[in-house]
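Welcome, and please open the structure in your viewer. We will go from stop to stop, selecting one part at a time.

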Amino acid sequence: MAYSVVLAGPVDIDGWRAAARDAWRAGISPDRLVFHVPGEAGDLFGGEPPPPPRADAAMPLVPRDFLALAEVAVRHRDPARFALLYDVLCRIAGGARGLLDDAADPVVARLRDMAKAVRRDAHKMHAFVRFTEIEGPRHVAWFEPDHYIEEAEAGFFIRRFAQLRWSIATPRLSLHWDGAALSIGPAGRRDALPPPDAGEALWRAYFGAIFNPARLKPAAMRAEMPEKYWKNLPEAQDIPRLIAEAPSRVRAMVAAGAAAPNPNPQRRRTPMATSTEGFAELRAQLLAADLPEWASRATQPVMGEGPVGAALMLVGEQPGDEEDLAGRAFVGPAGRLLNAVLEEAEVPRDALFVTNAVKHFKYTQQGRRRLHQTPDAGDITRYRPFLRAEVALVRPRLVLALGATALRALTGRAMPVTKSRDLHLKTADGMDLRATVHPSYLLRLPDAVAQRAERQRFAADLARAYGEATQTGGAAHAGGGASGANRS
Amino acid sequence: MDLLRKLEILADAAKYDASCASSGTDKRDSRKGGLGSTEGSGICHAYAPDGRCISLLKILLTNACVFDCAYCINRATSNTPRARFTVDEVVQLTLDFYRRNCIEGLFLSSGIIRDPDYTMEQLIRVVRCLRVDHGFKGYIHLKTIPDADPGLLAEAGLHADRLSINIELPQAASLAALAPEKNFADIHTAMGGLRTRIADAKEAKRGERRIRAPRFAPAGQSTQMIIGADASDDATVLGTSVGLYSGYGMRRVYYSAYSPIPDASVALPPRAPPLVREHRLYQADWLLRFYGFSLDEIVAGGEGGMLDLAIDPKLAWALKNRADFPVDVNRAAREMLLRVPGLGAKTVGRILATRRHRGLRVDDLARLGVRLAPALPFLVALDHRPRMLDGAHLRAQLTPAPVQGSLF
């Protein structure tokens with residue numbers, strides 16, 4: 001016994017849901033149920049309406065993605081869509097919960113293809129509707145979709161053109177937006193469109209000018225803009241001419257060859273003033289310097305910053321990822337920690353000059369990330385002249401090395417930070433020097449207790465160095481390096 | 001000069017910029033006022049016969065330029081006719097095309113006039129007028145002038161969805177030779193500055209920073225490299241790209257085959273654009289970003305630092321690494337499936353979901369969207385095992401016939 005359900009219209013998803021639910025609860029198998037849409041081709045030899053559901057039958061349970069698929073697939077023009085959906089519904093409700101993941105199931109594959117076609121049709125409607133302004137003012141358009149998508153896609157045009165009044169007519173119906181509400185009217189007619197206006201001529205001129213005749217690829221164009229759309233696209237009227245003219249335009253370009261330079265070139269700008277300051281010069285030297293290959297992969301040299309003549313100068317290792325992008329020292333995670341600890345130690349960051357031993361970010365590439373790589377002895381040596389020049393420009397009373405790289409760069413010798421921490425040291429140029437850990441060392445400590453203790457120690461080192469650098473009268477530490485800068 | 005002629009000149013001058021993307025910005029619409037919407041994915045409103053998508057009104061504010069870049073039709077010593085839009089002309093054209101539903105928005109660039117700050121200010125006046133005076137909610141892509149003042153950059157990022165600075169050429173020496181006023185290091189510095197601001201604004205939006213950073217280019221930054229104007233090989237080009245993606249969070253690196261221009265420079269006479277090479281670079285770029293290939297693997301698929309022009313880079317890699325195949329579609333891990341020629345990322349996702357329900361046969365693979373011709377020699381299915389993986393003719397068999405001859 002075959003049964004038949006008559007739906008209210010081509011996209012009557014609610015009617016289909018109610019009928020399908022009842023049919024499933026009445027135990028009707030997919031091969032015995034026909035869905036019929038008035039005016040649509042299909043099986044006209046339908047039977048009786050299905051019997052009412054059995055009172056004790058449970059509601060069919062389906063996952064959310066089935067309803068999402070159904071909502072899109074019903075907009076397809078294929079008369080079989082409702083029956084196919086009922087077939088999948090019965091199998092899912094009958095226990096095949098994961099059926100939709102089985103993209104190789106022929107019915108699922110067919111429904112997915114239908115949904116894909118509907119989405120593509122909707123996308124082309126968003127793209128290819130062309131409005132013309134008429135009196136009112138009102139914007140009017142004619143469009144011929146492949147599927148039953150007009151009602152569903154009205155929302156796109158409302159969101160985009162909410163403050164305009166517009167109408168889109170199609171062979172099935174017409175959508176009208178009056179600035180506040182949507183109404184659906186009868187089918188429109190293509191020949192009711194207004195004639196082309198001046199704005200359309202501008203748009204066609206743009207279409208012609210943006211085309212590059214040396215890259216002619218008409219098949220790629222047709223794949224995305226099939227010819228069936230051309231008759232409703234004003235710019236498409238120019239396509240045959242543009243294609244026909246392209247080869248001769250390219251031949252003319254090549255035949256003309258290179259042109260003599262214009263004897264009256266565009267006015268050149270006056271050269272920008274270059275700073276004669278020592279730091280700018282140092283930066284320029286770095287840009288021109290013959291550096292290791294890896295330095296060319298960094299964004300820019302990162303110079304130190306702070307007041308010239310700062311009493312205390314901090315020297316770190318090298319710029320990290322964030323420093324490299326910003327072009328400023330100590331602005332990344334270690335820099336933020338340094339700022340916090342300086343605050344705890346009551347050392348004003350503004351009064352310090354902070355810089356790095358190595359001026360470029362050295363890293364290894366791992367996927368899309370740039371991982372910090374410790375500079376080796378050769379790198380440190382290569383950058384030493386720049387660090388020395390920087391120290392000479394700032395002329396601090398005390399230099400504080402943060403970590404082993406800085407210590408090595410300043411002294412010229414490899415020495416452990418842990419054993420140098422409480423010593424009065426000298427730079428290779430004879431300036432007063434102290435050493436402590438690099439703030440990134442604190443970031444790497446795994447254990448919170450050790451982290452707290454080390455942080456306190458680091459703060460104490462910073463406070464002591466600042467105290468020594470700013471104490472009144474003479475050298476930063478006993479034994480005096482006040483004349484150190486002159487010894488270089 | 002009338003508006004139509006200006007539009008022709010200034011669109012013609014802009015067409016060598018490949019980017020026309022309008023996707024990936026925040027969602028907006030006009031239900032509470034203004035004009036326009038952005039909904040995540042971009043829309044191509046038309047396609048030109050060069051196969052390129054037309055999504056944005058892509059124009060220059062002026063093609064007058066004091067820079068003398070040999071590859072550029074707008075260089076200072078070119079004889080090309082010059083024109084300049086007024087701010088209002090660009091605004092009205094954008095709004096009119098938008099109301100017709102011809103475009104998603106505006107991609108505005110400019111020749112350098114007077115100095116970088118002045119030029120940047122002119123560009124910003126256009127986008128400020130669109131956003132503030134007209135409540136324009138569509139997409140805006142603004143070309144950024146590398147040396148412009150940071151304050152101007154901040155305002156540009158406030159109004160624009162995407163900012164871009166073109167790297168132009170794959171290496172510093174080429175840029176120095178062909179674009180004497182441009183500087184490779186300055187371009188990188190400016191890109192680094194953009195990345196920092198984009199990241200700050202994104203963190204502020206997620207509430208990860210206490211100090212609120214203003215909106216800044218939610219669709220990120222992109223760049224373009226010209227291919228074939230200098231002697232850089234593909235390994236150099238792709239190496240530069242890898243650095244641009246990782247260092248500056250580029251959404252896209254566009255490759256633009258150097259195309260003959262009217263009034264070409266003596267330094268770069270017109271020649272056929274290397275379109276196939278451009279295509280292979282895009283494929284390689286994709287494999288690097290989404291398929292887990294390393295730069296060395298991609299480059300090793302070709303010869304002497306150049307990609308194989310006859311076949312795509314994934315197939316080229318597979319043919320040189322036949323020992324890794326065949327791959328069993330019913331067992332292999334995602335990473336290995338992604339390396340099989342003819343399997344795209346989406347198809348691999350479907351294979352993984354479907355094989356939980358059934359053992360896959362060749363018919364199933366076809367339904368899942370697998371391109372069987374290139375895939376079958378490299379994979380095993382329930383009813384298929386390749387025979388000629390060791391054959392010397394495999395490469396010839398899988399090499400497509402040449403599509404079209406050169407235009408010249």
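## Stop 1: the domains of chain B

Start by selecting chain B, where the domain assignment gives domain 1 (3–221) and domain 2 (313–398). Keep in mind that this is a predicted model. Taken over C-alpha atoms, the centres of domain 1 of chain B and domain 2 of chain B are separated by 42 Å.

## Stop 2: a strand inside chain B

Now select residues 56–60 of chain B, which make up strand β3(B). Is this strand enclosed or open? Since 5 of its 5 residues are buried, β3(B) is largely enclosed by the rest of the structure. Show the side chains: Leu56(B), Lys58(B) and Leu60(B) point one way, while Leu57(B) and Ile59(B) point the other way, and all are buried.

Add residues 105–109 of chain B, strand β4(B), which pairs with β3(B) in the parallel sense over 5 bridges. Click on Lys58(B) and look across to β4(B), where its bridge partner is Phe107(B).

## Stop 3: the nonpolar cores

Next, select Trp16(A), Tyr86(A), Trp166(A), Tyr206(A), Ile59(B), Tyr71(B) and Phe97(B): of the 202 residues in the largest nonpolar core, these touch the most other members. Which helix gives the most to this core? Helix α4 of chain A, residues 106–128, does, with 9 residues.

Zoom in on Tyr86(A). Leaving aside neighbours within four places in sequence, its contacts include Trp16(A), Trp24(A), Ile28(A), Pro30(A), Leu33(A) and Phe35(A). Apart from the largest core lies another one, of 48 residues, among them Leu314(A), Ala401(A), Met415(A) and Tyr466(A).

## Stop 4: a sheet in chain A

Select residues 303–463 of chain A, listed by UniProt in an unreviewed entry as "domain: Uracil-DNA glycosylase-like". Over these residues the chain is 43% helix and 18% strand, and the end C-alpha atoms are 24 Å apart.

Then colour the 5 strands of chain A that form an open sheet in the order β9-β8-β12-β14-β13, with mixed pairing. Its edge strands are β9 (353–356) and β13 (425–426) of chain A, each pairing on one side only. At β13(A), 2 bridges make the join to strand β14 of chain A (residues 432–436), and the two run antiparallel. Here you can find Lys426(A) standing opposite Asp432(A) in β14(A).

Add two helices to the view. Helix α12 of chain A (residues 377–394) lies across β8 (312–316), β9 and β12 (398–402) of chain A, and runs at about 175° to β9(A). Helix α13 of chain A (residues 404–411) lies across β8, β12, β13 and β14 of chain A, running at about 135° to β12(A).

## Stop 5: backbone details

Finish with a few single residues. Gly136(A) and Pro137(A) are joined by a cis peptide bond, with omega about -10°; Pro137(A) sits in the loop between β3 (132–134) and β4 (138–142) of chain A. In chain B, the peptide bond from Phe325(B) to Pro326(B) is also cis, with omega near 0°, and Pro326(B) is in the loop between α10 (313–320) and β9 (327–328) of chain B.

Now select Phe330(A), which has a positive phi of about 55° although it is not a glycine. Is Phe330(A) buried or exposed? With a relative accessible area of 4%, Phe330(A) is buried, and its place is the loop between α10 (321–326) and α11 (333–344) of chain A.

Last comes Ala217(B), another residue other than glycine with a positive phi, near 40°. Look for Ala217(B) in the loop between α6 (184–205) and β7 (221–227) of chain B, where it is buried, with a relative accessible area of 0%.

Notes:
Residues are numbered from 1 along each chain as its sequence is written. Chains are lettered from A and ligands numbered from 1 in the order in which they are written. This is a predicted model: local features need pLDDT of at least 70, side-chain atom pairs count only at pLDDT 80 or more; totals for chains, interfaces and linings use all residues. Side-chain values use heavy atoms; hydrogens and water are left out. Domain bounds come from an automatic or database domain assignment. Two strands pair if DSSP finds at least two bridges between them. Helices (H or I, at least four residues) and strands (E, at least two) are DSSP runs, numbered from the N terminus. Contact means heavy atoms within 4.5 Å. Axes are lines fitted to C-alpha atoms, for helices over the stretch in contact, and angles run from 0 to 180 degrees between N-to-C directions. A nonpolar core is a set of buried Ala, Val, Leu, Ile, Met, Phe, Trp, Tyr and Cys residues joined through side-chain atoms within 4.5 Å. Buried means under 20% relative accessible area, exposed over 50%, partly exposed in between (1.4 Å probe, protein chains only). UniProt positions are given in the numbering used here, feature names are shortened, and annotations may be inferred rather than shown by experiment.
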